[in-house]
Amino acid sequence: MPDTLSAVREQQGIALEYLLIDGGSSDGTVDLIRAESGRPGTPVSHWQSEPDQEIYDALNQGIALATGEVLGYLHADDVLAHPRVLQRVAACFADPSVMACYGDLDYVWRDDPARVVRHWTSGAFDPQRLRWGWMPPHPTLYVRRSWYATHGGFDTRYRIAADYDLMLRLLSGLTARQVVYLPEVLVRMRTGGASNRSLRNILRKSAEDYRALRANGVGGVGALAWKNLSKLGQFVVRSSPLIPGHSPRGGEGGNARRRRRGRNRQDRACCGSLVTASRA
């Protein structure tokens, strides 16, 4: 949690509303949050600590409290990759046609966050890729708050895969021109999430993923199989660094042109809301 708070505090060039939703922790987390909220110039605009119905209920509370034009999530113990992450994201939304933005993610050791164990290169969005089990890393996804007002938040009937269900609902209704891919690492995520904490959770996650695929009319067993198989390359392949603003083939794609235009209009970049949910 201290690294998470520090990474948010160090963000530059963005008007930020930071919401901290704690599930009644008793391990000292509340003391950290209280100290952070009392710092001069802190981005923390609201924090609370009370029992909830697990992580997705906490995130839904954050959605209800948020007032920024764009909304993203940073889970406790995860960190933003560099101090300009949120500024880069905000620049994408300077284009009013953009509804969502995402990037790449590094999984790092819990006890040694400098050591990368998996690298997730998302790639450009195409709605058809959803049928092949494709998804962006949820911690890197930012969405206009207006979408939540129309379509709702996380479905808490899912215990582990509500984020996947939400992304399917979101992305299956958007075109490639409405979604921007930033080809750079936005978040460094510590290993040990709920979905892979035990064999039981892995099996439950697969069952919930299948239910989400069917509920959203995106696919079935084939998509689920490809979704899981696609993760293997994250352990053995790390893509070469990309210069932001250029496509993997060396040319400037549509997303890159929109990002460049957005950077030229940063004085009009939107205010964003960031939600962190914690529990012990």
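This report describes confidence, salt bridges, one surface patch and two local environments in a predicted protein model.

**Confidence**

The protein has a mean pLDDT of 83, and 82% of its residues reach 70 or more. Confidence is highest in strand S7 (residues 142-144), with a mean of 97, and lowest in helix H10 (residues 254-263), with a mean of 43. Over residues 239-270 the pLDDT stays under 50, although the model has 50 contacts beyond four places in sequence for this stretch. Where pLDDT is low, the predicted coordinates should not be read in detail.

**Salt bridges**

Side chains of opposite charge can pair when their charged atoms come close. A search of the whole structure finds 12 salt bridges. Three of the pairs are set out below, with the N to O distance for each.

| Acidic residue | Basic residue | N to O distance |
|---|---|---|
| Asp31 | Arg34 | 3.4 Å |
| Glu69 | Arg144 | 2.4 Å |
| Glu184 | Arg88 | 3.4 Å |

The pair Asp31 and Arg34 belongs to one element: both residues lie in helix H2 (residues 29-37), 3 residues apart, which is about one turn of the helix. Asp31 counts as exposed because its relative accessibility is 51%, where the cut-off is over 50%. Arg34, with a relative accessible area of 43%, is partly exposed.

The salt bridge between Glu69 and Arg144 spans a stretch of the chain. Glu69 lies in the loop between helix H3 (54-65) and strand S3 (70-73), whereas Arg144 lies in strand S7, so the pair ties together parts that are 75 residues apart in sequence. Glu69 is partly exposed at 41% relative accessibility, while Arg144 is buried, with a relative accessible area of 6%. Strand S7, which holds Arg144, is also the element in which confidence is highest.

In the salt bridge between Glu184 and Arg88, Glu184 lies in strand S8 (residues 179-190) and Arg88 in helix H4 (residues 85-92), so this pair ties together parts that are 96 residues apart in sequence. Here the acidic partner, Glu184, is buried at a relative accessible area of 11%, and Arg88 is partly exposed at 29% relative accessibility. Beyond these pairs, a network of salt bridges links Arg9, Glu36 and Arg39.

**Helix H8 and the nonpolar patch**

Trp132, Trp226 and Leu229 make a nonpolar surface patch of about 380 Å². Of these residues, Trp226 is placed in helix H8 (residues 221-229). Its relative accessibility of 45% makes Trp226 partly exposed.

The buried residues of H8 are Ala223, Leu224 and Lys227. Seen down the axis of H8, these buried residues fall within an arc of 100°, so they line one face of the helix. Their packing partners are helix H6 (162-171) and helix H7 (199-215).

**The surroundings of His138**

His138 is placed in the loop between strand S6 (116-120) and strand S7. With a relative accessibility of 5%, His138 counts as buried, because the cut-off for that class is under 20%. Leaving aside neighbours within four places in sequence, the residues in contact with His138 are Tyr73, His75, Phe154, Asp163 and Met167.

Conventions
Residues are numbered from 1 along each chain as its sequence is written. This is a predicted model: local features need pLDDT of at least 70, side-chain atom pairs count only at pLDDT 80 or more; totals for chains, interfaces and linings use all residues. Side-chain values use heavy atoms; hydrogens and water are left out. pLDDT is the predictor's confidence in each residue, from 0 to 100. Helices (H or I, at least four residues) and strands (E, at least two) are DSSP runs, numbered from the N terminus. Contact means heavy atoms within 4.5 Å. Patches are made of residues with over 30% relative accessible area and no salt bridge: like charges are joined within 9 Å, nonpolar side chains (Val, Leu, Ile, Met, Phe, Trp, Tyr) within 5 Å. Accessible areas come from the Shrake-Rupley method with a 1.4 Å probe; for residues, only the protein chains shown count as cover. A salt bridge is a side-chain nitrogen of Lys or Arg within 4 Å of a carboxyl oxygen of Asp or Glu. Buried means under 20% relative accessible area, exposed over 50%, partly exposed in between (1.4 Å probe, protein chains only). The arc is that of the directions from the helix axis to the C-beta atoms.
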